[in-house]
Amino acid sequence: LSIQEDRHGIMITNLSERLVSNLDELMNVIRIAGENRTIGSTAMNEQSSRSHTIFKITYEKKEVKNADGSFDPLGGESEDKEN
């Protein structure tokens, strides 16, 4: 992990940020992060992890005003489904 600081702020090499809109996209980002982890062997553990993953998840609630003036708490992503 390479952390550097200059007059513009802190820079972390290979840090990435992803914007996701739903749970499937979030789980895909987590899967990709897991695939990018480095694994090596030690005398005590054949598949010892050699990397760490840090997640910062920021949740933003979105409310959309419908044509009738009511608010849709799901931001227009709700669907009528039959059981």
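The structure holds just 1 salt bridge, a term used here for a side-chain nitrogen of Lys or Arg within 4 Å of a carboxyl oxygen of Asp or Glu. The pair in question is arginine 31 and glutamate 35, whose closest N and O atoms sit 2.6 Å apart. Side chains of opposite charge can pair when their charged atoms come close. The two residues are 4 positions apart in helix H1, so about one helical turn separates them. Arginine 31 is partly exposed, because its relative accessibility is 43%, while glutamate 35 comes out as exposed at 52%. Here buried means under 20% relative accessible area, exposed over 50% and partly exposed anything in between (1.4 Å probe, protein chains only).

All of this comes from a predicted model, in which local features need pLDDT of at least 70 and side-chain atom pairs count only at pLDDT 80 or more, whereas totals for chains, interfaces and linings use all residues. Numbering starts from 1 along each chain as its sequence is written, and side-chain values use heavy atoms, with hydrogens and water left out.

Helix H1 covers residues 23-35 and includes leucine 23; helices (H or I, at least four residues) and strands (E, at least two) are DSSP runs numbered from the N terminus. Leucine 23 counts as exposed because its relative accessibility is 57%. It belongs to a nonpolar surface patch with Met27, Ile30, Phe55 and Ile57, and together they have about 500 Å² of accessible area (Shrake-Rupley method, 1.4 Å probe, with only the protein chains shown counting as cover for residues). Patch members have over 30% relative accessible area and no salt bridge; like charges are joined within 9 Å, and nonpolar side chains (Val, Leu, Ile, Met, Phe, Trp, Tyr) within 5 Å.

As for the strands, E1 (residues 3-6) and E2 (residues 9-12) run antiparallel and are joined by 4 bridges; strands pair if DSSP finds at least two bridges between them. The two make a hairpin with 2 residues between them. Among the bridge partners, aspartate 6 goes with glycine 9 in E2, and glutamate 5 with isoleucine 10.

Further along, aspartate 68 lies in the loop between strand E5 (64-65) and strand E6 (71-72). Its relative accessible area is 64%, so aspartate 68 is exposed. The side chains of aspartate 68 and serine 70 are joined by a polar contact of 2.6 Å, meaning a pair of N or O atoms within 3.5 Å; within protein, one must be able to donate a hydrogen and the other to accept it, and residues adjacent in sequence count only if both atoms are side-chain atoms.
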